[in-house]
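Student: I am new to this structure. Could you take me through one part of it closely, step by step?

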Amino acid sequence: MLSGRAHALKPSPTLAINAKEKVLRAQGLDIAGFGAGEPDFDTPQHIKNAAIDAINKGFTKYTPVAGIEPLKDAIIEKFKNDNGLTFKREEVIVSCGGKHGLYNLFQALFQEGDEVIIPTPYWVSYPPMVELTGAQPIIVDTREEDDYQVTGDLIKRYITSRTKGIVLNYPSNPVGSVYTVENLAQIGKLAVEHNLYIVSDEMYEKLVYDGYKHTSIASIDNTFKERTIISNGVSKAYSMTGWRIGYTAGPKEIISAMSNIQSQSTSNPTSISQYAALAALTGPQDFIVTMVGEFQKRRDYLVRELTSIPGVTCYNPRGAFYVFPNFNAVLGKKFKDRAIDTSAALTELLLEEFHTAVVPGAEFGKEGYLRLSFATSMEVIRKGIERIQNAAASLV
Ligand code: PLP
């Protein structure tokens, strides 16, 4: 008999779609995949070499639970240079990916009786991760006309005596929205007033377009920094999704609690990957510029083509590598005898009949939308978009 917790937990929908896509591919079908949340670029060679060196030098044993000191120092240096933030070693922990860091963090902060504010559209893992602590996710809907930002005024309406924290993700997955400094300052003030923790997921910090400059909420005011925990990692910026290295920085007591949880579950993240992440953070950064330039071209193409479908609108992402078009005008129609009235039904139709993998918006708390990753080649994007256009045209 499984635990109630295990019963209630759904697998990650994005990983489930990736798995389905792989099965269809194995059957010989040519699938245009927009599902994957990982860059199609190879990990840069100097990072791979650092890992090979680490193996050859025998760095293949346990490391300190919270990560090796040189990597922590490189992370501290990154925060200083990129965000103007100062952290000590005991305020930083390295985990097995950003997801693992967030999991440990939620376990350290939240429990039954707590409420945690999560704005839509949210990254699929936040609500289940909050639920796994026994706390209740409080979903706050944001709108395209507000650039998908929650404001202090909006959050205020959802704060109760049980509210313990708020989760911010900018640039965001799935919509690529970012926050204005004014808005972050409003949210920070509210967090201070109501004694809330701010979980600031900045995983896509480096992947920004049109000259946008990322600002961390923790850097705006020291009173915000005291209650903010920043999550970041090397997965997306350095195309290192499989290496599983993420990091978290924040108040010492919280990082220490996360380290205790990590010590009783995974122990340290892979020693070899830690040396690779060290090379990523301290080595040449030109790879990111090249990748972002390519992503920007793909974004422009995708937004243009998607909005050429009658009724479809699409927010122009300022960061990350996803578009989140609004397909509400297309829903409610039929394909042959099949009713296409939800984003899940449209996703299934696209995969089964048009061999194109996308993720339904409902999984991100926004029905009627689809998420497409543009971390895939222009060739796949061109082929996939044509299929989506054909699918939309064949609905009556
Ligand atoms: N945060 C957001 C918003 C993400 O989209 C992801 C990955 O999809 C992560 C965190 C976790 O990244 P990692 O692969 O390092 O666990």
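Tutor: What follows starts at one loop proline and works outward from there. Keep in mind that the model is predicted.

Start with P174. Find P174 in the loop between β5 (163-169) and α8 (181-193). Is P174 buried or exposed? Its relative accessibility is 0%, so P174 counts as buried. The cut-off for buried is under 20%.

What does P174 touch, once residues up to four places away in sequence are set aside? The list is P121, Y122, Y322, V323, F324, F364 and R371. Take P121 from that list. P121 and P174 are 53 residues apart in sequence. In space, their C-alpha atoms are 6.7 Å apart.

Now follow two other partners, Y322 and V323. Strand β9 covers residues 322-323. β9 belongs to an open sheet of three strands, in the order β9-β14-β13, with antiparallel pairing. The edge strands are β9 and β13 (359-360), and each of them pairs on one side only. Look at how β9 meets β14 (residues 370-373). The two strands pair in the antiparallel sense, over two bridges. Which residue is the bridge partner of Y322 in β14? It is S373. R371, another contact of P174, falls within the residue range of β14.

Go back to the loop and step onto β5. This strand is mostly covered: six of its seven residues are buried. β5 pairs with β3 through three bridges, and the two run parallel. There, E115 has T163 of β5 as its bridge partner. β5 also pairs with β6 (residues 197-201). Five bridges join these two, again in parallel. One pairing to find is I166, whose bridge partner in β6 is I198.

From β3, move to the loop just ahead of it. D114 sits between α5 (98-109) and β3 (115-119). D114 has 11% relative accessibility, so it counts as buried too. A polar atom of the D114 side chain lies 2.9 Å from the backbone nitrogen of Q111. Beyond its neighbours within four places in sequence, D114 is in contact with L109, A135, Q136, R162 and K164. K164 falls within the residue range of β5, so to speak of D114 is to come back to the strand we just left.Now turn to the ligand. 13 residues surround it, and the closest are G98, D201, Y204, S235 and K236. G98 falls within the residue range of α5, and D201 within that of β6. A backbone N or O atom of G98 lies 2.7 Å from an oxygen atom of the ligand. For K236, a polar side-chain atom lies 2.7 Å from a ligand oxygen atom. For R244, a polar side-chain atom lies 2.8 Å from an oxygen atom of the ligand. How much of the ligand does the protein bury? Taken alone, the ligand exposes 390 Å², and the protein buries 92% of that.

Conventions. Residues numbered from 1 in each chain as written. Predicted model: local features only at pLDDT ≥ 70, side-chain atom pairs only at ≥ 80, totals over all residues. Heavy atoms only, no water. Pairing = 2+ DSSP bridges. Helix = DSSP H or I, 4+ residues; strand = E, 2+ residues; numbered from the N terminus. Near = heavy atom within 4 Å. Polar contact = N/O pair within 3.5 Å; in protein donor to acceptor, adjacent residues only side chain to side chain. Areas by Shrake-Rupley, 256 points an atom, 1.4 Å probe, with all protein chains shown as cover. Buried < 20%, exposed > 50% of the residue type's maximum accessible area, 1.4 Å probe, protein only. Contact = heavy atoms within 4.5 Å.
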